[in-house]
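Student: I should like to learn how to read side-chain features from a set of coordinates. May we work through one example together?

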Amino acid sequence: MLGLDVPPAVEAEQVITAVLADLRSGDHRGVVVDSPPGAGKSTLVVRAAVELAAAGEPLIIIAQTNEQVDDLIDRLVRKAPELSIGRLSAADYRPSDRVKDHETVRVAAKVTDLGGSAVIIGTAAKWATVAEGCWPWAIVDEAYQMRSDALLRVAGRFERALFVGDPGQLDPFSTVETVRWTGLTWDPMQAAVAVLLRHNPDLPVHRLPVSWRLPATAAPVVAAAFYPFTGFRAGTGLADRALSFTEPGRGDAVDAAVEVAARTGWGLYELPARHTVRTDAEAAAACAELALRVLRRGAVAVSEQAPQGAPVTADRIAVGAAHRDQVAAIRARLGEAGAGITVDTANRLQGREYDVTIVLHPLSGRRDATAFHLESGRLCVLASRHRHACVVVARAGIGELLDAHPSTDRVHLDVPVKFPDGWVANQTMLAHLGAT
């Protein structure tokens, strides 16, 4: 990483220039780009796609969800309105507004019906059904969330590829038991990038060094907790962003939490220690009330995008939790007053951005610390969606829970140890929240 005396924009552009140079050189069959939260990953994907298409190189883009596909299409059209784009989809797919509003985008269930498109975009699951055709280039978005077996099924469709993803967030997951394959070279639950680099250790790996989403109050904390060996910095300084309120509060604990978060970037709303069911009614109510309080107090966000300040409307507030039943409980307590506020799981919030986030800590109220709730990527996603402030809701006693439940996972041969582990990441985050 370059010294901090180099402006963030210059440092980021130098890395992107090196990535594009490796792509154009033809010396490697693949290029890997690691990206921290909000580092411009999608911007890089769009820029690389436009440059390759402009050079007359037909290419495909492989994303992991339909939401990601539609978002990339919208970004591509805005960047290069003249580009012909094919949207490869299921037969029952109904184009979203971001797709159907653009005349240069065609939608089809078969690649043969998208002939002539400079760029064809689809999910990994859809590309796995394509049995013929080969393109000079592919761009794989969210490559760290792609399972290795999914990469194997599409690898025959391209000659060279750019792999872009965030190594600190959620790993590939499955709804079936996968222990039987753990440690085997053909374990399908390995991340696509991990398998790629294991078999091609000479591939160049670049790291985007700047987060344009996370404020200066958050980037050092998230980097220390989830990216201890690579790190990154914020693209803005402490004076570049501010969060204030236009309406007075009640002066209660909820107000205290949101005011601390507005001032320092982080807030902890701690409930009394107690073992609870997963849908902890008190915690769900606290999450809802915190989100509503930010809305009712007329929060205003000043940033490089809005130097005069912009109101933090409902669509700029999100509440994140680990489980869908927790999401449902929080949404029910928001009621009509919270219409427009996003409430979702970490898996579905991944890749999205808000001004203010409220996070229900995955370990809040639990008797044990399971691998699911300790996964560092889950907490990383929840703690890295905000541009201004994040308030964490948790019952007291998580530190003691972690001390009482050190990692007891089995050690498997030929399985690389993941760093940081969830135990360390949680302790790092709790230490910072406790000091706010």
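Student: In which strand does arginine 87 lie?

Tutor: Please keep in mind that this is a predicted model. Arginine 87 belongs to strand E3, which spans residues 85-88.

Student: Is arginine 87 buried or exposed?

Tutor: A residue is called buried when its relative accessible area is under 20%. For arginine 87 the value is 0%, so the residue counts as buried.

Student: Which residues are in contact with arginine 87, leaving aside its neighbours within four places in sequence?

Tutor: The contacts include Asn66, Val69, Asp70 and Ile73, and also Tyr93, Arg106 and Ile121. One of these partners deserves a closer reading: the charged end of arginine 87 sits over the ring of tyrosine 93, 4.0 Å from the ring centre.

Student: Over which ring does the charged end of arginine 297 sit?

Tutor: That ring belongs to phenylalanine 245, and its centre is 4.6 Å from the charged end of arginine 297.

Student: How many aromatic pairs does a search of the whole structure find?

Tutor: The search returns two. In one of them, tryptophan 127 and tryptophan 135 meet edge-to-face, at 5.5 Å centre to centre with 80° between the planes. Tryptophan 127 and tryptophan 135 are both buried.

Student: Why is the pair of tyrosine 227 and phenylalanine 232 edge-to-face?

Tutor: Planes over 60 degrees apart count as edge-to-face. The planes of tyrosine 227 and phenylalanine 232 stand at 85°, with the ring centres 5.4 Å apart, so the pair falls into that class. Tyrosine 227 and phenylalanine 232 are likewise both buried.

Student: How should one read the largest nonpolar core, and which residues have the most contacts inside it?

Tutor: In soluble globular proteins, nonpolar side chains tend to be buried together. Here the largest nonpolar core has 37 residues, and Leu59, Ile61, Leu76 and Leu162 have the most contacts inside it. Among the elements giving two or more residues to this core are helix H1 (8-25), helix H2 (41-54), strand E2 (59-63) and strand E7 (158-165). H2 provides the largest share, eight residues.

Student: Which residues does leucine 76 touch, not counting those up to four places away in sequence?

Tutor: Leucine 76 touches Val46, Ala49, Val50, Ile61, Leu83, Ile85, Val119 and Ile121. A second, separate core has 36 residues, including Ala262, Val319, Ala321 and Ala329.

Student: What does the UniProt annotation say of residues 309-395?

Tutor: The unreviewed UniProt entry annotates residues 309-395 as "domain: DNA2/NAM7 helicase-like C-terminal". In the model, this span is 30% helix and 32% strand, and its end C-alpha atoms lie 34 Å apart.

Key:
Residues numbered from 1 in each chain as written. Predicted model: local features only at pLDDT ≥ 70, side-chain atom pairs only at ≥ 80, totals over all residues. Heavy atoms only, no water. Phe/Tyr/Trp six-rings, centres within 6.5 Å; stacked < 30°, edge-to-face > 60°. Buried < 20%, exposed > 50% of the residue type's maximum accessible area, 1.4 Å probe, protein only. Lys NZ or Arg CZ within 6 Å of the ring centre and 35° of its normal. UniProt positions renumbered as here; feature names shortened; annotations may be inferred. Helix = DSSP H or I, 4+ residues; strand = E, 2+ residues; numbered from the N terminus. Core = buried A, V, L, I, M, F, W, Y, C linked by side-chain atoms within 4.5 Å. Contact = heavy atoms within 4.5 Å.
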